Amino acid sequence: MDQFMEQSANAQAAHSVNVYRADQIRVINGANLGDGLSFAEELIPDDIYRVSPVAALHRLSLHPVSQPPFRIARDSEIGTPGADLHLDCAVTFMSGDGETTEGLVLVETDADGDVAEILLLPLGAMNPRQDYALVGVSRDDALQKFAQVACVSFTRGTMITLASGAQRPVEALSVGDRVLTRDDGPQEIRWIGHHTARAVGAFAPILIKAGVLHNSGDLLVSPDHRLFIYQRQDRLGAGRSELLVKARHLINGDTITRVKGGFVDYYQMLFDHHQIIYAEGIAAESMLVDTRTRAALPQELSQRLSQLLPGHGKSDHGDLEVHEALLNRPDLAELLRKSSSC
């Protein structure tokens, strides 16, 4: 077993994604007429699917492990805790207006290895009143897409604080630049990643308007990007002063919103250790490589990661992440702003 991945897996908190039950997405015209969405071997291109009007998104929590399959976490709303979860394939649908929607097919298996349930992680919005033609099935890039959803990413234009105190747009940074970190002072960037995605579904970034969390400018980050909050008063009831909160949990429809439409340029920064850095003047995490995000790295870097960054897998700040049950409140952003004020 890769030592880096073993350390990372042991440290990781559960990840959560929103999924449909595949039997609520059925073929209304085509070879598999009447059947629900299935795994790659049973899918037929050009079949026409429709989402049931009673279909609902469910929170699936999973634990990354050193080798696939993943494991369903105890607090998951769907699936059997502890069961294996296989990432089967990526699918692409096309609607009547020519728009494409991607998704990832996940398969839960029981103790005998038989299929227990099939789930779809949509990477874009799916409308029950819309027909979707299956135009693509791929196993080659499913893991990379899954990793990109989980990657913490800054968007083009985000101002990052350097070791000197100066600020520089993330797209202007280079490997070797020294960035100010909260815990370890100046640290060199070891790798910078970049990809462009359609700003829809799981890839639509979260906008935190200037001043909302004491940020100096608008901050636009990927949905799962965790922000660091130091509570001077524990208004949230987390039992500790230091918190990590995912951007998507802060959405309030006013000062923090999901920005949909067009394309978004995402950038990731990798240091020797997982770090808390400063973006638009507030603390936010850098990329953490674990068994879910590792596929986002170039293959040559992924293969040598344990030699290049031997301590990275031990440096997760996962114990600071707040349980979702405490975050389900409309005034969350204002509460955290007040709790962190002088």
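Is Leu120 buried or exposed, and what is its relative accessible area? In this predicted model, Leu120 has a relative accessible area of 0%, and because buried means under 20% relative accessible area, Leu120 is counted as buried. The residue has its place in strand E8, which runs over residues 115-122. Leaving aside neighbours within four places in sequence, Leu120 is in contact with Asn18, Val19, Tyr20, Ile25, Leu37, Val91, Phe93, Gly103, Leu104, Val105 and Met126. One of these partners, Leu104, is 16 residues away from Leu120 along the chain, and the C-alpha atoms of the two residues are separated by 5.7 Å.

A second position, Ala90, belongs to strand E6, which covers residues 84-95. With a relative accessible area of 7%, Ala90 likewise falls under the 20% limit and is therefore buried. When residues up to four places away in sequence are not counted, Ala90 touches Gly103, Leu104, Gly136, Val137, Ser138, Asp141, Ala142 and Lys145. Gly103 and Leu104 thus appear among the contacts of Ala90 and also among those of Leu120. Between the C-alpha atoms of Ala90 and Tyr49, which are 41 residues apart along the chain, the separation is 15 Å.

The chain as a whole contains four helices and 23 strands. Its radius of gyration is 20 Å, close to the 20 Å that the globule rule gives for 342 residues, so the chain is as compact as a globular protein of that length. Along its principal axes, the C-alpha trace spans about 65 × 45 × 40 Å. Of the 342 residues in the chain, 52% are buried, and among contacts with a separation of 6 or more, 65% are made by residues 24 or more positions apart.

Turning to the surface, the chain exposes about 14900 Å², of which carbon and sulfur atoms supply 46%. The charged side chains comprise 31 positive and 45 negative ones, and the centres of these two sets lie 7 Å apart.

The confidence of the prediction can be described both for the chain and for one stretch of it. The average pLDDT of the chain is 88, and 92% of the residues score at least 70. Over residues 3-11, however, pLDDT stays under 50, and for this stretch the model has 24 contacts beyond four places in sequence.

Note on methods: Residues numbered from 1 in each chain as written. Predicted model: local features only at pLDDT ≥ 70, side-chain atom pairs only at ≥ 80, totals over all residues. Heavy atoms only, no water. pLDDT = per-residue confidence, 0-100. Contact = heavy atoms within 4.5 Å. Helix = DSSP H or I, 4+ residues; strand = E, 2+ residues; numbered from the N terminus. Buried < 20%, exposed > 50% of the residue type's maximum accessible area, 1.4 Å probe, protein only. Rg over C-alpha atoms; globule rule 2.2 N^0.38 Å. Areas by Shrake-Rupley, 256 points an atom, 1.4 Å probe, with all protein chains shown as cover. Lys, Arg positive; Asp, Glu negative; His and termini not counted. Charge placed at Lys NZ, Arg CZ, Asp CG, Glu CD.
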